Structures are given as C-alpha cells and as structure tokens.
Amino acid sequence: MGFMEIFIKSDAPEEEKVVVESKTIITPIHNEPPSAPEMSEMKLNPASPEVTNLTPTIVLDESGMIKQVYETAGLGDLSKSIFKIQQIRTSFPETIPDEVVRQTIPGLLTAANLDTVELRLDAETRIATLNTALQNNLMEQTEKINSLTEEINELAMVIEAKRQEIINAQQNKDIFSKVVEQETKVIQENLTYLS
C-alpha cells in the first residue's frame, strides 16, 4: 500500500551523548596472579536518551508500526482513505506530466464515488492520530530510557564499591605479605643463635 509523505514535528529534547571513560583499576605486582580485569567507568545522565556505540538488537517493522497505529485508532480501512489518491497517482504512466494528473484526479475520484471532503477529513484525522501516537511513543520510550539509565547508575555505584574492595584487598595482601616476611626474617635470625 502506498503512503503519502507526512511530516510530523517533534518537540522532543535534543539528545545528549553518554560519555564512557576507561581506566585500569589495579596493576599486578610481585608476580602475583593477575588481579581483576580492566573495568570501564560509565558516567550517565538520567535524561540522556542515547548511548553511543551500541548496536540495536531488534529489527523494527516500520510499516507494521504505522499499520498498528491506524488499526488502534479505527483507521485500518483504506478503501475510502486519502491513500486512494496515491493509488490513482501511481496508476498513471510516468511520462504523463504531474499537472495533468492533478487535473484528472478529481474527476476520477468522483467516478469512484469518493468525496473529496471526506478524503481531506481522513487525511487530517490520520495526521492528528500519528502526532498523538508519536508523542505517546516519545514519552513511553523516554521514561523507559530514564528508568534503565537510573538502574545503570545504581549498578555503577555497586561496581565502584566493589572496585574499592578490590583495591583494599590488594593493599591488605601486599601489607600482610610484607609483615609476614619481616616477622619470618626475625624468627630465622633468632634461630641462628640456637646452633
């Protein structure tokens, strides 16, 4: 089915980029087994609707999305819709000038028992329906993005806490190894006086 080009103005806020920084947490020392792998620290803004360098995991059926909007609004019947003009337009050979097509279409619509007033009303209804659906989608998806971003921020706090625990554990290991080495050395020196 053919669709006319309909331009819909969106008042959605300009998207902001999410900044992702990467840094190494711990450098292995004393030939010990490798410590935790390198982790990335994400700084996220709950209002940010876009995350860079991500590949969509789903494929959206664009025509199906529009069809669902129309059917939900009770506009699924296209037999007497504005798209009848599109159907008639595409029936003309490409060699016929557009001006001739424009002059011919009103008569063809009348012959097909199609009221131009009703067609215009159908077009206006569809545009209004699409705009409403767009605004609803923007609000729904923005709320979802904000919720997921907030969840990521909470997880980032947990990751940061675990990162600090790793640093503390590394320091504890190094310090304990040092004091044990020193204590062992003292004991061994004292043992030499027993021989």
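**Group meeting: a chain of four helices and two strands**

The chain has four helices and two strands. This is a predicted model, so please hear everything that follows as computed from that model. In sequence order, the elements run β-β-α-α-α-α, with both strands ahead of the helices.

Some totals for the chain. There are 195 residues, and 14% of them are buried. The accessible surface is about 15,400 Å², and carbon and sulfur atoms contribute 56% of that area. For contacts with a separation of 6 or more, 75% are between residues 24 or more positions apart.

Now to one residue in a loop. Ser81 sits between α1, which covers 62-72, and α2, which covers 83-91. Is Ser81 buried or exposed? Ser81 is buried, because its relative accessible area is 0%, and the cut-off for buried is under 20%. What does the side chain of Ser81 have close at hand? A polar atom of that side chain is 3.0 Å from the backbone oxygen of Leu78. Leaving aside residues up to four places away in sequence, Ser81 touches Leu119, Asp122 and Arg126.

Next, the aromatic rings. How many aromatic pairs does a search of the whole structure find? The search finds one. The partners are Tyr70 and Phe83, with 6.2 Å from centre to centre and 55° between the planes. That pair is classed as tilted, because the tilted class takes in planes that are neither under 30 degrees apart nor over 60. Tyr70 belongs to helix α1 and Phe83 to helix α2. The two are 13 residues apart, and the pair links distant parts of the chain. As for cover, Tyr70 has a relative accessible area of 3% and therefore counts as buried. Phe83 has 6%, so Phe83 is buried too.

Last, the surface. Which residues make the nonpolar surface patch of about 370 Å²? They are Ile175, Phe176, Val179 and Val180. Take Ile175 as an example from that patch. Ile175 is in helix α4, residues 116-191. Its relative accessibility is 54%, so Ile175 counts as exposed, the cut-off for exposed being over 50%.

To put the pieces side by side: Ser81 is buried in the loop between α1 and α2, Tyr70 and Phe83 form a tilted pair, and Ile175 is exposed within a nonpolar patch. That is the end of my part.

Notes:
Residues numbered from 1 in each chain as written. Predicted model: local features only at pLDDT ≥ 70, side-chain atom pairs only at ≥ 80, totals over all residues. Heavy atoms only, no water. Buried < 20%, exposed > 50% of the residue type's maximum accessible area, 1.4 Å probe, protein only. Contact = heavy atoms within 4.5 Å. Areas by Shrake-Rupley, 256 points an atom, 1.4 Å probe, with all protein chains shown as cover. Polar contact = N/O pair within 3.5 Å; in protein donor to acceptor, adjacent residues only side chain to side chain. Patch = residues over 30% accessible without salt bridge, like charges linked within 9 Å, V, L, I, M, F, W, Y side chains within 5 Å. Salt bridge = Lys/Arg side-chain N within 4 Å of Asp/Glu carboxyl O. Phe/Tyr/Trp six-rings, centres within 6.5 Å; stacked < 30°, edge-to-face > 60°.
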